[in-house]
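Please open the model in your viewer and keep the sequence panel beside it. The tour below moves from one selection to the next and says what is to be found at each stop.

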Amino acid sequence: MVTPTSDTPSEPTPHEAATTHWLLPIDPASHPEHLPADWRTRADATAAWEAIGRTQPIDRWCLRTGYRAMRPGDTIWAYLSKRSELVAVGTVAAIEDGDPRTVVVDWDEEATAALCRHPLPRREFGQVPMSVCRAGAETAAVLTRVRAEL
């Protein structure tokens, strides 16, 4: 057995190795009162992300699908459907039963700010989320790499 040292990377914990990535599609056009006129074309998606946060609690999402399989600790990515790119990443903090079911997300502010400045276009991860969904194997591999780089 090898004992990890500062020079030897440790094995991922079972949770890290099994992290599930979720894609949360959001239509920024549903929040028009706070969007700048050029929100679809500007390179930086910060204004679109902030507009969403001004119209609803950004850390609480009512879901009709996906919530039964989500677990606290899973990674969730915000996908802006009209821009076809990922702009935020966080961790599922809790799933609240009730009507509607609510997923509480702890958004990683630093990583999200970096993603908003340089969004990840769909062409780089491939999957098109039509509703909340688990990332497929190829997409999950890309997202695991991107998450480690953020």
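Begin with strands E3 and E4, which form a hairpin with four residues between them, and pick out Ser84 in the turn, where phi is positive at about 55°. Bear in mind throughout that this is a predicted model. Colour E3 (75–80) and E4 (85–96), and you will see that the two pair in the antiparallel sense over six bridges. A convenient landmark on this ladder is Trp77, which stands opposite Val89 in E4.

Keep E4 selected and add E5 (101–107). Here too the pairing is antiparallel, with six bridges between E4 and E5, and the two strands form a hairpin with four residues between them, in whose turn Gly98 has a positive phi of about 145°. Along this pairing, Glu96 stands opposite Thr102 in E5. E4 has a further antiparallel pairing, over two bridges, with E6, and the residue to select in E4 for that is Glu85, whose bridge partner in E6 is Pro121.

Now show the side chain of Glu96 together with that of Arg60, since these two form a salt bridge in which the closest N and O atoms are 2.4 Å apart. The pair links distant parts of the chain, with Glu96 in strand E4 and Arg60 in strand E2 (residues 60–63), 36 residues apart. Glu96 is partly exposed, with a relative accessible area of 30%, and Arg60 is also partly exposed, at 34%. A search of the whole structure finds five salt bridges, and two others among them are visited below.

Next, select helix H3 (residues 109–117), whose buried residues are Ala111, Thr112, Leu115 and Cys116. Why do they lie on the same side of H3? They cover an arc of only 135° around the axis, and this places them on one side of the helix. Rotate to the face turned away from that buried side, and you will find the exposed residues Glu109 and Glu110. To see what covers the buried residues, display the surrounding elements, which include helix H2 (46–55), strands E3, E4, E5 and E6, and helix H5 (137–149).

At the start of H3, zoom in on Asp108, a side-chain oxygen of which reaches to within 3.2 Å of the backbone nitrogen of Glu110. Asp108 also forms a salt bridge with Arg147, the closest N and O atoms being 2.8 Å apart. Asp108 lies in the loop between E5 and H3 and Arg147 in helix H5, so the pair ties together parts that are 39 residues apart in sequence. Both ends are partly exposed, Asp108 with a relative accessible area of 25% and Arg147 with 24%.

Follow H5 itself to Arg145 and Glu149, whose side chains meet in a salt bridge (3.4 Å, N to O); being four residues apart in this helix, they are separated by about one helical turn. Arg145 is partly exposed at 42%, whereas Glu149 counts as exposed at 57% relative accessibility.

Elsewhere in H5, select Thr139, which counts as buried at 5% relative accessibility. Beyond its neighbours within four places in sequence, Thr139 is in contact with Phe125, Gly126 and Gln127.

End the tour at Thr20, in the loop between helix H1 (14–17) and strand E1 (21–26). Is this residue buried or exposed? Thr20 is buried, with a relative accessible area of 17%, and, leaving aside neighbours within four places in sequence, its contacts are Asp74, Thr75 and Arg134.

Key:
Residues are numbered from 1 along each chain as its sequence is written. This is a predicted model: local features need pLDDT of at least 70, side-chain atom pairs count only at pLDDT 80 or more; totals for chains, interfaces and linings use all residues. Side-chain values use heavy atoms; hydrogens and water are left out. Buried means under 20% relative accessible area, exposed over 50%, partly exposed in between (1.4 Å probe, protein chains only). The arc is that of the directions from the helix axis to the C-beta atoms. Contact means heavy atoms within 4.5 Å. A polar contact is a pair of N or O atoms within 3.5 Å; within protein, one must be able to donate a hydrogen and the other to accept it, and residues adjacent in sequence count only if both atoms are side-chain atoms. Two strands pair if DSSP finds at least two bridges between them. A salt bridge is a side-chain nitrogen of Lys or Arg within 4 Å of a carboxyl oxygen of Asp or Glu.
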